[in-house]
Amino acid sequence: MLLIKLLFKNAFLRHKLRSVLTVLGVTIAILAFGLLRTVITTWYLGVETSSPTRLVTRNNVSIIFPLPLSYREKIRQVEGVKIVSYGSWFGGVYKDKKNFFANFAVEPRSYLELYPEFIVPPDDKEAFLRDRRGFIAGKKLADRFGWKKGDIVTLEGTIYPGKWDFILRGIYRGRDVNVDETQFFFHWDYLNESVLKSKISLSDQVGFYMIGISSPGISAQVSQEIDAMFKNSAAETITETEKAFVQGFIAMSEAIIVAIQLVSLVVILIIMAVVANTMAMTTRERTGEYSILKTLGFGGGVIALLIMGESLLVTLSGCILGIALTYPIAGAFGTYLGTYFPVFSVENETVLLDFIAAVLVAFAAAVIPVRNALKLRVAEGLRRIG
Amino acid sequence: MPPEQEPIVRIRGVSKSYRSGSRILPVLEDISIDIGHGEFLALMGPSGSGKSTLLNLIAGIDRTDGGTIEIGRIDITKMSETELAEWRSLHVGFIFQFYNLIPVLTAYENVELPLYLTGLSRMEKSEHVRTALAVVKLKDRMDHYPAQLSGGEQQRVAIARAIVTDPTIIVADEPTGDLDRKSAQDVLDLMGRLNSESRKTIIMVTHDPRAARRARSILYLEKGVLSHAPDQTPF
């Protein structure tokens with residue numbers, strides 16, 4: 001008990017300003033580390049939340065090239081395919097380009113069936129399915145612009161020029177916190193009809209097919225069959241799991257992810273330098289006291305525990321404060337950067353990594369001070385006093 | 001010889017040297033002395049004469065190059081570091097020039113520190129600490145931190161810490177070196193009482209002839225060699 005008391009007093013009462021600054025340094029570093037890790041986990045969220053029973057079929061040349069609507073029936077015939085939906089990236093702008101959000105024209109009934117993670121109240125769903133100009137928006141998106149059901153929302157088309165009016169028929173919620181609530185879905189038929197009137201070349205064309213299969217085990221076989229079916233056609237396809245499809249997108253920004261990971265490692269090294277500096281100063285100042293403890297009969301283990309314990313206490317205090325701050329600050333980040341990160345929530349894994357980093361830093365920072373204290377001969381240490 | 005008449009400290013042919021770069025500096029050469037049970041011995045000599053080194057060797061906080069040191073018939077020169085640490089915790093009480101109290105612990109906690117290594121219960125520890133603080137007349141200040149105590153009071157706390165485990169010997173290195181005359185007097189009175197009333201064996205290193213005169217015997221070291229017999233006083 002007395003040694004624990006000594007440990008706490010050493011850590012926080014000896015040099016209050018130094019302790020506060022060190023804890024603050026660790027807090028800021030853990031906060032930065034936590035936020036950077038959250039950016040990385042958010043980046044990979046699409047991969048994590050993708051379903052193993054969903055496939056994506058797109059044009060083999062590039063996703064910007066469409067596929068004929070007629071493929072739908074052929075895909076439906078493939079064994080193991082339960083449901084086929086389709087859609088196109090609309091790329092509409094609401095009032096200003098900075099108000100970016102994802103907006104898709106989809107076949108609504110099959111799409112909502114395929115994505116049960118989008119929870120739409122039954123009445124809203126019916127109203128949406130009935131109205132060709134209707135759309136549904138995620139809760140966060142609706143809140144962002146203050147949209148209410150029945151509101152007419154106009155998007156300026158970029159791929160499909162002109163002003164497009166839609167009526168909000170429902171607001172969907174995510175089944176869990178990791179579901180993106182910032183998307184905008186409307187009827188593909190509405191898009192197609194309008195395109196038919198103006199640009200014949202883009203009519204009856206879809207950007208992608210979303211396919212529901214009966215089990216994850218048949219995904220490779222179904223993909224091969226679909227792609228084989230359209231081989232040597234004008235629009236060859238590439239079919240892959242939803243996970244692989246999302247990973248393909250992420251791979252385009254791999255360099256940024258690597259840079260963020262490197263920065264998060266640098267942050268850890270900075271914490272280590274801060275704590276190691278504090279521990280080095282601390283143990284140098286307490287050389288005499290360690291000699292006294294050894295003189296009184298305390299073994300090296302107790303001295304090592306006192307130094308390691310102090311390093312751990314200071315680092316973990318900063319770590320806990322940093323984690324406590326990460327949640328509200330990540331929340332604020334999520335609000336301000338909702339356009340880029342529809343879901344910006346701190347994962348349990350990030351908190352665990354924070355703790356692991358803090359413990360590793362605490363031990364690494366204390367290794368040399370402990371070694372020096374253990375090597376110290378009692379008589380030599382006593383000579384340094386006074 | 002009855003046990004109480006046997007010397008508590010028996011030193012035979014002890015030598016010690018330190019290395020300074022490539023040079024070897026002899027500090028003690030062939031020291032042999034006996035210190036009786038209940039003795040109050042002052043070790044004197046000029047700076048660098050080896051008196052503190054001899055005290056450290058007797059207290060088991062430094063190693064001899066040769067010779068033997070028996071404390072209560074136990075040869076401490078043959079002990080490992082761990083054995084020596086355990087032996088020190090049970091048999092030696094230390095008093096230093098600069099008190100060397102832990103500044104973030106109260107007087108009570110400083111005195112309690114050596115008892116951490118004993119198997120005493122919490123109640124027993126409390127009893128021992130209170131008794132030791134009563135001996136040094138600081139029971140009423142046990143909740144004070146070292147910084148709230150005068151130099152003399154801090155040294156009395158250090159003495160309480162030295163006696164709380166009821167050690168076989170007490171070693172004191174310049175115990176009055178950092179004190180004013182009055183406080184030094186009080187500390188020496190206290191050490192004298194511990195020796196005369198409690199029959200504590202005390203070995204004290206001092207530069208101060210007035211402090212040395214409070215001892216029952218004085219040993220004089222010069223250049224690592226004993227120059228006076230223990231029962232002779234040069235003052």
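I count a residue as buried if 20 or more other C-beta atoms lie within 10 Å of its own, with C-beta atoms placed from the backbone. I also keep in mind that I am reading a predicted model.

**Entry: helix α2 of chain B.** With that cut-off I went through helix α2 (residues 81-91) of chain B, and found its buried residues to be B:A85, B:R88, B:S89 and B:H91. I then looked up what these buried residues pack against, and noted α1 (51-59), β4 (66-71), β6 (92-95) and β7 (169-173) of chain B, together with α12 of chain A.

**Entry: the contact between the chains.** Since α12 of chain A had come up, I turned to the contact, which takes 20 residues from chain A and 21 residues from chain B. On the side of chain A that touches chain B, I found that α1 (2-12), α12 (287-295) and α15 (378-384) of chain A each supply at least two residues. Sorting the residues of that side by class, I wrote down 10 nonpolar, six polar and four charged.

**Entry: domains of chain A.** I looked up the domain assignment of chain A, which gives domain 1 as 2-45 + 253-384 and domain 2 as 61-235. The C-alpha centres of these two domains of chain A lie 48 Å apart, and six residues of domain 1 are in contact with nine residues of domain 2. The side of domain 1 that touches domain 2 has three nonpolar and three polar residues, and I found no charged residues there.

**Entry: strand β3 of chain A.** I followed strand β3 (residues 81-89) of chain A to its pairing with strand β11 (residues 208-213) of chain A, which is antiparallel and runs over six bridges; here A:I83 stands opposite A:G212. I also noted that β3 of chain A pairs with strand β4 (residues 103-106) of chain A, again in the antiparallel sense, over three bridges, and that A:G87 has A:V106 in β4 as its bridge partner.

**Entry: nonpolar cores.** In soluble globular proteins, nonpolar side chains tend to be buried together, and I therefore looked up the cores next. The largest nonpolar core has 115 residues, of which B:L43, B:A160, B:V171 and B:I203 touch the most other members. Helix α2 (residues 16-43) of chain A gives the most to this core, with nine residues. Taking B:A160 by itself, and leaving out residues up to four places away in sequence, I listed its contacts as B:V111, B:A132, B:L133, B:V135, B:V136 and B:L138. I also recorded a second, separate core of 46 residues, which includes A:F135, A:V153, A:V179 and A:V206.

Conventions: Residues are numbered from 1 along each chain as its sequence is written. Chains are lettered from A and ligands numbered from 1 in the order in which they are written. This is a predicted model: local features need pLDDT of at least 70, side-chain atom pairs count only at pLDDT 80 or more; totals for chains, interfaces and linings use all residues. Two residues are in contact if their C-beta atoms, placed from the backbone, lie within 7 Å. Helices (H or I, at least four residues) and strands (E, at least two) are DSSP runs, numbered from the N terminus. Ala, Val, Leu, Ile, Met, Phe, Trp, Tyr, Cys and Pro count as nonpolar, Asp, Glu, Lys and Arg as charged, and the others, Gly among them, as polar. Domain bounds come from an automatic or database domain assignment. Two strands pair if DSSP finds at least two bridges between them. A residue is buried if 20 or more other C-beta atoms lie within 10 Å of its own, exposed if 12 or fewer, and partly exposed in between; C-beta atoms are placed from the backbone. A nonpolar core is a set of buried Ala, Val, Leu, Ile, Met, Phe, Trp, Tyr and Cys residues joined through C-beta atoms within 7 Å.
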